[in-house]
Amino acid sequence: MSQAPTREVARRVFAREFNDASHTFKESEDERAPVYLLLPTGERANRVFLVGTLTEKEDVGEGDEYWRGRIVDPTGTFFVYAGQYQPDAASTLRDLEPPAYVAVVGKPRTYETDDGSVNVSVRPESITPVDATTRDRWVAETATRTLERVAAFDDEGDEYARMAREQYDLAVDEYREVALAALEGLDESDELADDDADVPAEH
């Protein structure tokens, strides 16, 4: 399968904000047009880039393998699901032994539950073991991106921020506090001493 010449930027987002997102949209009527998840801070995300600690994995498939991974960052938990259509990511999840630092690039997926709430997960394109330094760098850079989005949130010229104000009844300042707390947490001692996962991320 040939690679598309222009791939969507993988947005850095903390779990807290990612899990608060529920609105998806397309920007054209083309059935192959990308589907975007609208982040509450006013950014569209067709792909996301996250780094955290894989704390659990489980094959939840019935028949075929279908792996669920629980990945924790300083603000909350991401759930990733990989099966036969994500063979590399599924194989990595199968082989990894939690706890382990991982970097994930993937697509957001939303699922409406019976009670009408929306759950958000990630369908990974890649899962890469990384080290603590890579994780810390991701936290710092993701905090910076989050703070930038919060600062620009009231810009009337930003169509995605305007869309977020219309779609979500959320206090955007909370994400600033979350980002600052994540930065402060980098000064604390590292809780996972694992020398086996020292492959640098490629993103």
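Helices are DSSP runs of H or I with at least four residues, strands are runs of E with at least two, and both are numbered from the N terminus.

**Figure 1. The whole chain is a predicted model with five helices and nine strands**. Residues are numbered from 1 along each chain as its sequence is written. In this predicted model, local features need pLDDT of at least 70 and side-chain atom pairs count only at pLDDT 80 or more, while totals for chains, interfaces and linings use all residues; side-chain values use heavy atoms, with hydrogens and water left out. Along the sequence, the elements run β-α-β-β-β-β-β-β-α-β-β-α-α-α. Of the 203 residues, 40% are buried. Buried means under 20% relative accessible area, exposed means over 50%, and partly exposed lies in between (1.4 Å probe, protein chains only). A contact means heavy atoms within 4.5 Å. Among contacts with a separation of 6 or more, 66% join residues 24 or more positions apart.

**Figure 2. Confidence varies along the chain**. The predictor's confidence in each residue is called pLDDT and runs from 0 to 100. The mean pLDDT of the protein is 90, and 89% of its residues reach 70 or more. Residues 1-5 stay under 50. Here the model has zero contacts beyond four places in sequence. Residues 192-203 are also below 50 in pLDDT. This second stretch has 24 contacts in the model beyond near neighbours in sequence.

**Figure 3. Helix α5 packs through one face**. Helix α5 covers residues 173-185, 13 residues in total. From its first C-alpha to its last, α5 reaches 19 Å, close to the 18 Å expected at 1.5 Å a residue. The expected span is 1.5 Å times one less than the number of residues. Which residues of α5 are buried? They are Y175, V178, A179 and A182. Seen down the axis of α5, these buried residues fall within an arc of 95°, so they line one face of the helix. The arc is that of the directions from the helix axis to the C-beta atoms. An α-helix has 3.6 residues a turn, so residues three or four places apart point the same way. The partners of the buried residues of α5 are α1 (15-20) and α3 (132-151).

**Figure 4. Helix α4 packs against strands**. Helix α4 spans residues 159-167, and its buried residues are Y160, A161, M163 and A164. They cover an arc of only 160° around the axis, which puts them on the same side of α4. They pack against β2 (24-25), β3 (36-39) and β4 (43-45). Y160 also forms one aromatic cluster with F25 and Y36.

**Figure 5. F18 and F78 form a tilted ring pair**. The structure holds five aromatic pairs. Rings of Phe, Tyr and Trp (its six-membered ring) pair if their centres lie within 6.5 Å; planes under 30 degrees apart count as stacked, over 60 as edge-to-face and the rest as tilted. The centres of F18 and F78 are 5.5 Å apart and their planes are at 50°, so the pair is tilted. F18 lies in helix α1 and F78 in strand β7 (residues 76-82), so the pair ties together parts that are 60 residues apart in sequence. Are these rings' residues buried or exposed? F18 is buried, at 0% relative accessibility. F78 is buried too, with a relative accessible area of 0%.

**Figure 6. Two arginines have distinct settings**. R165 lies over the face of F153, at 5.7 Å from the ring centre. A charge sits over a ring if NZ of Lys or CZ of Arg is within 6 Å of the ring centre and within 35 degrees of the ring normal. R149 lies in helix α3. At 11% relative accessibility, R149 counts as buried. Leaving out residues up to four places away in sequence, R149 touches R12, V13, E17, L39, T41 and E43.

**Figure 7. A cis peptide bond joins P98 to P99**. Its omega is near -5°. P99 lies in the loop between α2 and β8 (100-112). Most peptide bonds are trans.

**Figure 8. V130 sits in a loop**. The loop runs between β9 (118-129) and α3. V130 is buried, at 0% relative accessibility. The C-alpha atoms of V130 and V102 are separated by 5.3 Å, although these residues are 28 residues apart along the chain.
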